[in-house]
Amino acid sequence: MPDYVVKATAGNGQIRVFAATTRGIVETAHTLHQTSPVVTQALGRLLTAGSLMGSMMKNADEVMTLKIAGDGPLSGLLVTADAKGDVKGYPYISDLADSSASPMSVSEAIGKGAINIMKDIGLKEPYVGYAPLVSGEIAEDLTYYYAQSEQIPTSISLGVLLNEDGSVKQAGGFIIQLMPDTDDETIDALELALSNTPSMTKLLDAGKSPEAIIEALFKNIGLKISQTQEIRFFCDCSRDRVMKALSAIGKADLLDIIADQEDVEVNCDFCREKYHFSAADLQSIIDLISEKDI
Ligand SMILES: [Zn+2]
């Protein structure tokens, strides 16, 4: 079953609801980056958040980057998502040693730090939001970010459930946002429903779909599903893009690289794809730069 996000409203449009199943995305990240369990959990939660937040953007060409930097052993995570349902990401450290006797929590792995959210909405300057981490568990940190940075009351759940061998059994989450005019009765009903709901991954593991999960959650608050959108782990890197990045470092530096060694290998951070450039390839990049100079 492909991963997807369900978009809905509830309570006469006073509540926005986004729920996703992301097992495929998180397992792809686990395989590409060979992540150890606590890293799979942390990256999986942020990829799930990115998938949800990407689907909340209004225009198809918008791109969002979520960056967590912490003083824990994981050091940080970076996720990029777009409005079309493509998401990609990587951990700063992928193979964090994790003793099964006393497994490390995501919060211990991340430590103290901050979350940065950058939205490229097609303007010259991207929108940049920032909030300190309040727990390092990611869902709570994003809830705090929305309250602080965007003044939107938000409830977020993000979860990753692993198999014994470290592969991903279930992953998913939801984001629920209250519009400023939400009445107290609706807020009370939602709070009660949330406090009685088991975790998203537990429900997914019991065979429930994201639609069924939010339908149960909002059964007394008038849920209206408006759209389902497929989402996937997808990296848009290419040899052309890497060549552009290489030409940006300039002629003098490229000549230095040719002088020092015979060829260069560039790894994509997001998907680990390797791009190989021989000295002759580098020379042709330099020739292109030189032509532009004339
Ligand atoms: Zn890539």
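The following paragraphs lead through the structure from its overall layout to its zinc site. The model is a predicted one.

The protein contains 10 helices and 13 strands. Its C-alpha trace extends over about 70 × 50 × 35 Å along the principal axes. Of the 294 residues, 47% are buried. Among the contacts with a sequence separation of 6 or more, 63% are between residues 24 or more positions apart.

The domain assignment divides the protein into domain 1, covering 4-233, and domain 2, covering 239-293. The centres of domain 1 and domain 2, taken over C-alpha atoms, are separated by 36 Å. Contact between the two involves eight residues of domain 1 and four residues of domain 2. Between them an area of about 520 Å² is buried, and carbon and sulfur atoms contribute 69% of that area.

The interior may be considered next. In soluble globular proteins, nonpolar side chains tend to be buried together. Here the largest nonpolar core comprises 43 residues, and Met-53, Ile-138 and Leu-142 are those with the most contacts inside it. Helix H2, residues 37-55, supplies the largest share of this core, with nine residues. Ile-138 illustrates how the core is assembled: with neighbours within four places in sequence left aside, Ile-138 is in contact with Ala-42, Arg-45, Leu-46, Ile-68, Leu-77, Val-106, Ile-110 and Leu-158. A second core, separate from the largest one, has 20 residues, including Ala-8, Ala-19, Ala-193 and Leu-204.

Leu-204 of the second core is also one of the contacts of Gln-170. Gln-170 belongs to strand E9, which runs over residues 168-178. Although its side chain is not among the nonpolar kinds, Gln-170 counts as buried because its relative accessible area is 16%, which is under the 20% cut-off for a buried residue. Apart from neighbours within four places in sequence, its contacts are Arg-23, Gly-159, Val-160, Leu-161, Thr-201, Leu-204 and Asp-205.

Gly-13 offers a contrast in exposure. This glycine is placed in the loop that joins strand E1 (4-10) and strand E2 (15-21), and it is partly exposed, with a relative accessible area of 41%. Gly-13 and Met-179 are 166 residues apart in sequence, yet their C-alpha atoms are 8.3 Å apart in space.

The last feature is the zinc ion. Its donors are the SG atoms of Cys-235, Cys-237, Cys-268 and Cys-271, at 2.2 to 2.3 Å. The angles among these four donor atoms are 104 to 114°, and the site is tetrahedral. Along the chain, the donors follow the spacing C-x1-C-x30-C-x2-C. Cys-235 sits in the loop between strand E11 (232-233) and helix H8 (239-248), whereas Cys-268 sits in the loop between strand E12 (263-267) and strand E13 (274-278); the pair therefore ties together parts that are 33 residues apart in sequence. Both of these cysteines are buried: Cys-235 has a relative accessible area of 14%, and Cys-268 has one of 11%.

Technical notes. Residues numbered from 1 in each chain as written. Predicted model: local features only at pLDDT ≥ 70, side-chain atom pairs only at ≥ 80, totals over all residues. Heavy atoms only, no water. Donors = N, O, S within 2.8 Å, 3.2 Å for Na, K, Ca; no water. Tetrahedral: all angles 85-135°; square planar, octahedral: opposite > 155°, others 65-115°. Helix = DSSP H or I, 4+ residues; strand = E, 2+ residues; numbered from the N terminus. Buried < 20%, exposed > 50% of the residue type's maximum accessible area, 1.4 Å probe, protein only. Core = buried A, V, L, I, M, F, W, Y, C linked by side-chain atoms within 4.5 Å. Contact = heavy atoms within 4.5 Å. Domains from an automatic or database assignment. Buried area = accessible area lost by both parts, 1.4 Å probe.
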